[in-house]
Amino acid sequence: MDGGNKEKSNLPWIEKYRPQNLEELISHNDIVNTIKKFVSEDRLPHLLFYGPPGTGKTSTILAVAKQIYSPKEFNSMVLELNASDDRGIGIVRENILSFASTRTIFKSGFKLVILDEADAMTRDAQNALRRVIEKFTENTRFCIICNYLSKIIPALQSRCTRFRFAPLSTDQMLPRLEHVIKQEGVNVTQDGMKAIVTLACGDMRRSLNILQSASMAFDEVTEDNVYLCVGHPLRKDIENIVQWLLNSSFTEAYKNILQLKSAKGLALQDILTEVHVYVHRIDFPVKIRIHLLDKMAETEYRLMSGTNERIQLGSVVSAFQVVRDTIVEEAAA
């Protein structure tokens, strides 16, 4: 017993506190209730779960599998594959086909194939999977999980009942976080909790990872500690950056932001994201705001392409300088 507890205490919190049954799921009650009905009436269709990471897609289907099968049956009745590991046609022809084609001798009912991150599968693999689903529907059910529905071929989509998992709301995340904090005895301040939820953006997995990292790095989980732990710019840093961009000369603004970036190890993309939010709060003329947002979007796109951060920082500072000069000219006129 002690060995089991010790083993569980070594687990990352995202696995340690993963819901074990449908009652423990904290969100998407309408989806959970529909699936409960499917299970109770023994009419489970092929399922397609899609939505952002950390919204409970994998947890939901694993909870369903644990409800349908006993621990002894689980390994022989459930095949769980992460399509990111092997996304070619071979995995469909070998692993999935051999699992689906063997009938269950000692148990009536169907087997369950869980395909996680299926949007990473090649088009050929998805077409092969479509034929497997058609052929073995009698004794096998498939649950396809993905982040982007557009990357799943229409032929597969049409064979499944689709459920969209939306990002979790703050009200849904807080009780679960408070439960983990209580169980682990973590010292978290109110602003620390708010920072975790803000940075998680509706991703429960991310919120637990941030909480675990911050609690291991600091004795007290405060707002500043959370931001430092994930390497995200602090609110006061963003205020300083916007202040420099709007009021300092090009050289001074560029130098100050570069120093802050180097001192705190910040990524320009994170700075851009936060400055973008700030720009919406400043009372700019509409034309000026549109120009600024357009320039920031261009810079972000170039950063995604792997361009030099120093050059792109110069581009951002330039955009703000142009905006500032335009405002001064219009005011003078």
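**Group meeting: aromatic rings and one buried helix**

Let's start with a ring pair: Phe250 and Tyr254 sit 4 residues apart in helix H14, which covers residues 250-264, so about one helical turn separates them. Before I go on, a reminder that this is a predicted model.

So how are those two rings arranged? The centres of Phe250 and Tyr254 are 6.1 Å apart and the planes make an angle of 10°, so we call the pair stacked. The cut-off there is planes under 30 degrees apart. As for the helix side of it, an α-helix has 3.6 residues a turn, so residues three or four places apart point the same way. Phe250 itself is partly exposed, because its relative accessibility is 34%.

Okay, zooming out for a second. The chain has 333 residues, and 43% of them count as buried. Its secondary structure comes to 17 helices and 5 strands. The C-alpha trace spans about 85 × 50 × 30 Å along its principal axes. If you take contacts between residues at least 6 apart in sequence, 75% of them join residues at least 24 apart.

On the surface side, the chain exposes about 18,000 Å², and carbon and sulfur atoms supply 50% of that. For the electrostatics people: there are 41 positive and 41 negative side chains, with the centres of the two sets 6 Å apart.

Back to the rings. How many aromatic pairs are there in total? The count comes to 3. One of them is Phe49 with Phe165, a tilted pair at 4.9 Å centre to centre, with 55° between the planes. This one ties together distant parts of the chain: Phe49 belongs to strand S1 (residues 47-50), while Phe165 is in the loop between strand S5 (161-164) and helix H9 (170-184), which puts the two 116 residues apart.

Are those two rings buried or exposed? Phe49 counts as buried because its relative accessibility is 0%. Phe165 is buried as well, with a relative accessible area of 1%. And there's a bit more to it, since ring pairs link Phe49, Phe163 and Phe165 into a cluster.

Then we've got charges sitting over rings. Lys111 lies over the face of Phe99, at 4.4 Å from the ring centre. Arg141 does likewise with Phe110, at 5.0 Å from the ring centre.

Next up, helix H10, residues 190-200. Which of its residues are buried? Gly192, Met193, Ala195, Ile196, Val197, Leu199 and Ala200. And what do they pack against? The buried residues of H10 pack against H9, helix H11 (204-217) and helix H12 (223-230).

Right after H10 comes Cys201, which has a positive phi, near 55°. Cys201 is in the loop between H10 and H11, and it counts as exposed because its relative accessibility is 61%.

There's another non-glycine residue with a positive phi to look at: Glu117, with phi near 50°. You'll find Glu117 in the loop between strand S3 (111-116) and helix H7 (123-135). Glu117 counts as partly exposed, because its relative accessibility is 35%.

To wrap up, here's what I'd like you to take away. Phe49 and Phe165 link distant parts of the chain, whereas Phe250 and Tyr254 pair within helix H14. H10 packs its buried residues against H9, H11 and H12, and Cys201 follows with its positive phi. Happy to pull any of these up on the screen.

Terms used. Residues are numbered from 1 along each chain as its sequence is written. This is a predicted model: local features need pLDDT of at least 70, side-chain atom pairs count only at pLDDT 80 or more; totals for chains, interfaces and linings use all residues. Side-chain values use heavy atoms; hydrogens and water are left out. Rings of Phe, Tyr and Trp (its six-membered ring) pair if their centres lie within 6.5 Å; planes under 30 degrees apart count as stacked, over 60 as edge-to-face and the rest as tilted. Buried means under 20% relative accessible area, exposed over 50%, partly exposed in between (1.4 Å probe, protein chains only). A charge sits over a ring if NZ of Lys or CZ of Arg is within 6 Å of the ring centre and within 35 degrees of the ring normal. Contact means heavy atoms within 4.5 Å. Accessible areas come from the Shrake-Rupley method with a 1.4 Å probe; for residues, only the protein chains shown count as cover. Lys and Arg count as positive and Asp and Glu as negative; His and the chain ends are not counted. The place of a charge is taken as NZ of Lys, CZ of Arg, CG of Asp or CD of Glu.
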